[in-house]
Every structure is written in structure tokens, then in C-alpha cells.
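Take the model below as a starting point. The paragraphs after it go through helix packing, and then the spaces between the helices.

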Amino acid sequence: MSTSASTRMNWLDGARLAAAFCIIGIHTSSDSLGGAFRDAAAHDRVFPVLLRSVSEIASTEFFILVSLFLLSLKLSKSSTPFIPTMLLQAKRLLVPFAFWAVFYVFFRLYKAHYLGYDAAIMSEIESLSRWVGYLVLGNSNFHMHFLPTLFMLLLFHRVYKLAMPYPLLGLLVLPMLYINLSISTWIWGTIDEPLLREYVIRFVKVLTYTGYGFFAYSLYGFWQRGIKQEVAKPLFGLSLFFVGLGFLIKLIYAQKVGVAGEFIVRRDLIFYGHYLLPCAVLSAFMCSWFLNWPDRLSQWSRFSFGMYLIHPAIMDLIDVAFLGISVQPDWYVLMKYSATAFLSLSLTMAIGKVKLIAWTVGLGPLPWAGSKATASMPAVH
């Protein structure tokens, strides 16, 4: 086939799987408290920080880009009005989100009990403002912020569509990131009240992450018009070049974390390298359409949403299992990643076979919504 528009998008399924496994890699490359192995020797932090650096090639922002690209693909073929479309997306995203948000509110008590901070968790559970944060910001666990943030970004769909005929609008991701860094720095230095600061930070994040929406829709505009194979090959090479440059910047950050023994704030070049890398990675995936991507990827990629939702629970179980056992950071991280990835995929597949609860991992209809309504999010099907 000579153009991208005439071929199957198996590369996109590959991108979705990469996002799921890389998110797990990011989260399992830390110690049981989410730190960078502060008490370990510097040389023992090498593997964890390298795994994190490699995994961050497909970070949460990459997951957002993939989801928005899929949305542009779906909505360009749909004649459904805006409001019904967004209501459907709300069901697909926010209903599973509400289930898992409540689940993690109470499930984290398991790990808290063994590490001695269960009283603090119970105090949070008794706070109404905390429950608002759980359900609005996704504060019930460190990864739940993704779904409400993504839904808010979907609301700008009509604006993103401008980037399909005018792909240069995809470059808006650059000034949006600059605004994000500048305003966030000001917020952290000015607003002292933690709860207010958290809401303002999220508001700014949603507004500035619209840059990713423009970029995703501009890529789909290119895809829709067709990319000839003789053009795709050099563009693929160029995208890989930028991925390589971004990874070099990430290695600088990895060295700083390895020496400090803690995750430091990203600034300047390290900030832009981290947040622009997902754009280069998605571009590389798209321009690789001419490669022999296996068709079976579409069967496996539908589990990516469930893996994202389930893996923190698996991590907590593993962290508790390793309490009192002395394991070097490299082996600890390697075993934690392997077990979490395998069990998250296996459990997602198992849940997907149970019709009553398959919707919780995006693999089936909502029980009360009829057989035609699905609970799958844009990044899954």
C-alpha cells in the first residue's frame, strides 16, 4: 500500500500497548513509598532510574495524546452532535473512574496498615473536602488524575478540529507548555493553601494541555490526507532522531535523580524534553505505518485501559509482600515490574470475561445501559 490512509492502523494499537507497559514501568521504578531509593547507595539506583527514563518515553502525556488521536479518528466519522457525543464520552470515562476512585479510597488502607499511616488515611476518608478531591481531581490514588483530566480535555474537541485542516496549529503545544511552566511556578510560590493550589494547578494543566489536543488532531489531519511510503520513511527516521534527543535529556535528569536520591522538579531544558518527547514518539509510531505491525496487536491493546486502572493495586500487594525482606533496588524493581505487568494484564483479561464487571476495565457494556452502550474509553477500542 502506498499511503497511510489506505492501511490498517496497527501502529496505533502498538502505541496503546506501549503506553500501558511504560506507565507500569514508571510507577514500579520507585521504592515502596514512591521515592527514588534515598537510603540506597548511588550505584544501586542506576537500574531504577534507567528503567524510569526508558518508560517515560511513553508517559501519561503520551497516553493523553493517543487518546485524543483516537477521539479525532472516531469523531471525524461520526455525525452525532457535540453534547450527545460528550455525554457518551462521560459514560465511557467517568463511570469506570467513579468505581475505581471509590475502590482505591478504601483499598489503600491495606498498604497503609502495614506501613503505619492508616490513621492518616482514615482521617482523609472522614473529610468531605477530600471526597470532593477524590471524585473531581482523582486524588484517591496517584494515577487516577488521568481520567478526569482527559475528559476535560475532550471538551475542547471542536477547537482541536481546527488543527486538522491547519496542522501548523499542532505547534501550539510549545507555547502551551511554556505557559504551563510559568504559571505553575508562580502558583507554587504564591498560593500557600494546599487544597486551593491543587485545584488551580489542575485548572491550568487542563487549559495548557490543550496543546496536546492540537498536536494530536494535526497528526490525524496528516494521516487523513495520506502519507506516502517514500515520505513516511524519512519522517520516521526524523521522528526517531527527536526521540533520541529527548531521551538524552531524560538521561541528564536520571543522573540528577540518581545522585540526589529523590525525584527533583523538572525545569528548563529537562521540562521541555520530558513534555515534548511524547509528541515525537507518537509521530514516530504514525510514520512507521509501513512496517509489518502484527494484526494481533488490536486484540491485546484493548486491555491497556484495564492495566492502567488495576496496576497500582497489584503494586501495593507486592510492596507489602516485600516488607521485611532485604532486596537490592535493581532486583526489587525488576521483580516488581515483571509481576505487576503480568498480573495487571492477566487480571484485566479475567475481569473482561465476567459480563457483570467487564465495564470496569472498558471491556463491556454498562449493566444498566443496554447491550449497545459500551464502557470503553477512547484509548481502548
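How are α2 and α11 oriented to each other, roughly parallel or roughly antiparallel? This is a predicted model, and the answer comes from its helix axes. Helix α2 covers residues 46–55, and α11 runs over 229–260. Their axes come within 9 Å and cross at roughly 150°. Angles over 145 degrees count as roughly antiparallel, so α2 and α11 are roughly antiparallel to each other. The crossing of α2 past α11 is right-handed. On the α2 side, the contact uses Val49, Leu50, Ser53 and Val54. On the α11 side, Phe247, Lys250, Leu251, Ala254, Val257 and Gly258 take part. By class, this contact has 7 nonpolar residues, 2 polar and 1 charged.

Stay with this pair of helices for the cavity. The structure holds 1 cavity of 30 Å³ or more. The volume of the largest cavity is about 40 Å³. Which residues line the largest cavity? They are Val49, Arg52, Ser53, Glu56, Lys250, Tyr253, Ala254 and Val257. Both α2 and α11 supply at least two residues of this lining. The most comes from α11, with 4 residues. The lining divides into 4 nonpolar, 1 polar and 3 charged residues. Several names recur here. Val49 and Ser53 of α2 belong to the helix contact and also line the cavity. On α11, Lys250, Ala254 and Val257 are in the contact and in the cavity lining as well.

Move on to α14 and α15. Helix α14 spans 304–321, and α15 spans residues 329–352. The two pack at an angle of about 130°, with their axes 8 Å apart. That angle makes α14 oblique to α15. The crossing is right-handed. From α14, the contact takes in Gly306, Met307, Ile310, His311, Ile314, Met315, Ile318 and Asp319. The residues from α15 include Tyr332, Lys336, Ala339, Leu343, Leu347 and Ile351. Overall, the contact of α14 with α15 has 12 nonpolar, 5 polar and 2 charged residues.

A further pair is α7 with α10. Helix α7 takes residues 146–154, while α10 takes 194–225. Their axes lie 9 Å apart, and the packing angle is about 50°. The two helices are therefore oblique to each other. Again the crossing is right-handed, with α7 passing α10. Pro148, Thr149, Met152 and Leu153 of α7 meet Arg202, Val206, Tyr209 and Thr210 of α10. This contact counts 5 nonpolar, 2 polar and 1 charged residues.

Now turn to the pockets. The largest pocket holds about 2000 Å³ of space. Its lining has 50 residues. Those nearest the centre are Arg52, Phe142, His145, Lys205 and Tyr275. Arg52 has appeared before, in the lining of the largest cavity. Which helix gives the largest share of the lining of the largest pocket? It is α10, with 7 residues. Several helices each supply at least two residues, among them α1 (10–28), α3 (60–76), α4 (82–115) and α9 (173–190). Helices α12 (268–287) and α14 do so too. The lining of the largest pocket is mixed in class, with 19 nonpolar, 16 polar and 15 charged residues.

The second largest pocket has a volume of about 690 Å³. It is lined by 28 residues, and Phe215, Phe242, Cys279, Ala280 and Ser283 are the closest to its centre. Two or more residues come from each of α9, α10, α11 and α12. The largest share, 10 residues, belongs to α12. How many charged residues does the lining of the second largest pocket have? There are no charged residues, and the lining divides into 22 nonpolar and 6 polar. By contrast, 15 charged residues line the largest pocket.

Some helices link these parts. Helix α10 packs with α7 and gives residues to the linings of the largest pocket and the second largest pocket. Helix α11 packs with α2, lines the largest cavity and contributes to the second largest pocket. Helix α14 packs with α15 and helps line the largest pocket.

Definitions and conventions:
Residues are numbered from 1 along each chain as its sequence is written. This is a predicted model: local features need pLDDT of at least 70, side-chain atom pairs count only at pLDDT 80 or more; totals for chains, interfaces and linings use all residues. Side-chain values use heavy atoms; hydrogens and water are left out. On a 1 Å grid over the protein atoms alone, a cavity is a set of points where a 1.4 Å probe fits but cannot get out, and a pocket is an open set with protein on both sides within 12 Å along at least five of seven lines; lining residues have an atom within 4 Å of a point. Grid points are joined across faces, edges and corners, and a volume is the space filled by probe spheres set on the points. Ala, Val, Leu, Ile, Met, Phe, Trp, Tyr, Cys and Pro count as nonpolar, Asp, Glu, Lys and Arg as charged, and the others, Gly among them, as polar. Axes are lines fitted to C-alpha atoms, for helices over the stretch in contact, and angles run from 0 to 180 degrees between N-to-C directions. Angles under 35 degrees count as roughly parallel, over 145 as roughly antiparallel, 65 to 115 as roughly perpendicular and the rest as oblique. A crossing is left-handed if the near helix is turned anticlockwise from the far one by less than a right angle, and right-handed if clockwise. Contact means heavy atoms within 4.5 Å.
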